[in-house]
Amino acid sequence: MRVTVLGAGTMGHGITQVSAMAGHDVTLRDVDDEQIENGIDSIRSNLDGGIERGKVTETERRETLDRITGETDLNAAVEGAELLVEAVPEKVDLKKSVLSEAEAAVDEGVVLATNTSSLSVTELASALEHPERFVGLHFFNPVHIMSLVETVVAERTSDRTREFAEDYVASIDKTPVVVRDTPGFASSRLGVALGVEAIRMVEEGVASPEDIDAAMELGYNHPVGPLELTDMVGLDVRLDILEYLREELGERFKPPQLLKRKVRAGKTGQKSGEGFYVWEDGEAVATSGEWGDR
């Protein structure tokens with residue numbers, strides 16, 4: 001299958017990597033060459049890490065990179081595609097604009113998908129002429145490690161599109177979970193609820209970020225604690241999701257002031273070098289301030 005991924009950021013290059021590793025030919029499209037090269041460099045780094053850990057062979061690394069093409073021109077990027085996955089930032093208007101432009105460029109019958117963690121897939125579909133060909137594919141970060149993909153069925157998603165999406169997810173060795181299009185779907189709604197309570201606990205001085213994370217990792221077998229995960233996702237992304245869920249579902253999703261202060265200060269997590277933790281070379285090396293600058 002030929003897959004086109006729109007957006008070379010964290011999620012976009014991750015989706016590109018797992019698709020190419022599964023044998024699909026992938027075109028990674030972004031607005032400029034620098035963004036594309038940064039995305040492909042991240043894929044190289046992930047693959048090199050896989051080799052070091054004995055998870056990836058040199059041959060798999062070479063063949064994966066050979067299947068990936070970078071492209072800035074949309075028409076060239078979608079040529080021959082059977083699946084197009086949009087992975088631009090979580091802004092409704094931006095996603096609608098990108099998807100509408102992409103739909104006009106692809107061949108008839110191409111399935112379009114959005115990688116959104118919480119936005120209404122039905123609302124995004126309103127920008128399309130053929131919403132029956134549209135579905136949500138919610139990947140998890142880091143994409144090359146996490147095995148779950150939520151397949152989000154919108155109001156007008158056809159059975160054929162849903163089945164195609166499930167088959168694609170299975171083909172990249174992920175597990176599809178089908179959910180109805182509701183605010184936060186299943187995973188984001190539950191994950192954000194846990195994360196926001198953990199932030200409130202830091203804000204109230206209940207425990208340090210390290211101890212809260214350790215409690216969930218050791219006591220509940222979570223692979224990553226809720227505060228470290230918030231840093232990995234991005235505090236600004238978490239804030240946007242909370243504000244959306246508060247509007248849709250009520251005050252239980254009200255963002256804590258601590259989260260707002262950190263975002264205003266530019267402490268957005270791993271990508272900025274500091275959130276609830278201080279990050280160096282992709283690793284959390286210390287907590288940020290005294291219990292998160294509460």
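In the predicted model, the backbone nitrogen of Val88 lies 3.0 Å from a polar atom belonging to the side chain of Glu86. Glu86 is itself part of strand β4, which comprises residues 83-86, and its relative accessible area of 0% places this residue among the buried ones. When residues up to four places away in sequence are left out of account, the contacts of Glu86 comprise Leu6, Lys95, Val98, Leu99, Ala113, Thr114 and Asn115.

Two domain annotations are available from UniProt, in an unreviewed entry. The record assigns residues 3-182 to the feature "domain: 3-hydroxyacyl-CoA dehydrogenase NAD binding", and in the model this span is 43% helix and 22% strand, with its end C-alpha atoms 27 Å apart. For residues 184-279, the record lists "domain: 3-hydroxyacyl-CoA dehydrogenase C-terminal"; here the computed content is 61% helix and 3% strand, and a distance of 28 Å separates the end C-alpha atoms.

A further helix, α12, is formed by residues 257-264, and its buried residues are Leu258, Leu259, Lys260 and Lys262, so that two leucines and two lysines are named in this set. The cover over these buried residues of α12 includes helix α8, spanning residues 187-203, and helix α11, spanning residues 235-249. Just after α12, the backbone of Gly266 adopts a positive phi of about 80°.

Definitions and conventions. Residues are numbered from 1 along each chain as its sequence is written. This is a predicted model: local features need pLDDT of at least 70, side-chain atom pairs count only at pLDDT 80 or more; totals for chains, interfaces and linings use all residues. Side-chain values use heavy atoms; hydrogens and water are left out. UniProt positions are given in the numbering used here, feature names are shortened, and annotations may be inferred rather than shown by experiment. Helices (H or I, at least four residues) and strands (E, at least two) are DSSP runs, numbered from the N terminus. Buried means under 20% relative accessible area, exposed over 50%, partly exposed in between (1.4 Å probe, protein chains only). Contact means heavy atoms within 4.5 Å. A polar contact is a pair of N or O atoms within 3.5 Å; within protein, one must be able to donate a hydrogen and the other to accept it, and residues adjacent in sequence count only if both atoms are side-chain atoms.
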